[in-house]
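Here's a quick tour of a protein model, pocket before strands. Have the viewer open as you read.

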Amino acid sequence: MIQSYCTGLQHIGIPTRDVASTVRFYQGLGFETTWQTEKGDVVFLALKGLTIETYLGDTNPRTGAIDHITINVTDIGKVFAEAKAAGYKLIDQDVITLPFFDKGCSYFMIEGPNKERVEFNQIL
């Protein structure tokens, strides 16, 4: 079975028309560059086990095959306040709570420079 070889998420690929802008956006969220090509047209960024590969490529600036990227957080209220204060484009104007998992979860989304949606989620 394929799943017996799987160990978790390796990375999420995000094409961009402006690699530098995309890198700055994710670095602002706390990602660190872990590897890049000599020309800088492909960059890998990581944050606590989540890796994103952004690369120079054709994009269609709307929600596409990757609907969103979710990042686990420990305090959704503080993260929401910081994202709002930093001027990120909020998709959700407030934290949303759903009855998922044992005790629920709270989340909100922002929009990245390529129209990708980034979700912050706290399992309660």
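What volume does the largest pocket have? In this predicted model, the figure comes out at about 490 Å³.

## The pocket and its lining

If you want to find that pocket in the viewer, start with Leu29, Leu47, Ile71, Val73 and Phe120: of the 18 residues that line the largest pocket, these lie nearest its centre. Two elements give two or more residues to the lining, namely strand S5 (68–72) and helix H2 (76–85). Helix H2 supplies the largest share, with 4 residues.

As for chemistry, the lining of the largest pocket splits into 10 nonpolar, 4 polar and 4 charged residues.

## Strand S4 and its partners

Now for the strands. Why can strand S4 be called largely enclosed by the rest of the structure? Strand S4 covers residues 50–56, and 5 of those 7 residues are buried, so the rest of the structure largely encloses it. Buried here stands for under 20% relative accessible area.

S4 pairs with S1 and with S3. Strand S1 (residues 12–16) runs parallel to S4, and 5 bridges join the two. Within that pairing, Pro15 sits opposite Tyr55 of S4. Strand S3 (residues 42–47) runs antiparallel to S4 instead, with 6 bridges between them. Here Leu45 is opposite Ile52 in S4, and Leu47 has Leu50 of S4 as its bridge partner. You've met Leu47 already: it is one of the residues nearest the centre of the largest pocket.

## Strand S3 and the hairpins

Which strand is joined to S3 by 4 bridges? That's strand S2 (residues 32–36), and the two run antiparallel. One bridge in this pairing links Glu32 to its partner Ala46 in S3. S3 itself is mostly covered, with 5 of its 6 residues buried.

Both of these antiparallel pairings come with a hairpin worth clicking on. Between S2 and S3 there are 5 residues, and in that hairpin Gly40 takes a positive phi near 75°. The hairpin of S3 and S4 has 2 residues between the strands, and there Lys48 takes a positive phi near 45°.

## Putting it together

Walking through the pairings, S2 meets S3 antiparallel, S3 meets S4 antiparallel, and S4 meets S1 parallel. Over at the largest pocket, strand S5 and helix H2 are the elements that give two or more residues to the lining.

Terms used:
Residues are numbered from 1 along each chain as its sequence is written. This is a predicted model: local features need pLDDT of at least 70, side-chain atom pairs count only at pLDDT 80 or more; totals for chains, interfaces and linings use all residues. Side-chain values use heavy atoms; hydrogens and water are left out. Buried means under 20% relative accessible area, exposed over 50%, partly exposed in between (1.4 Å probe, protein chains only). Two strands pair if DSSP finds at least two bridges between them. On a 1 Å grid over the protein atoms alone, a cavity is a set of points where a 1.4 Å probe fits but cannot get out, and a pocket is an open set with protein on both sides within 12 Å along at least five of seven lines; lining residues have an atom within 4 Å of a point. Grid points are joined across faces, edges and corners, and a volume is the space filled by probe spheres set on the points. Ala, Val, Leu, Ile, Met, Phe, Trp, Tyr, Cys and Pro count as nonpolar, Asp, Glu, Lys and Arg as charged, and the others, Gly among them, as polar.
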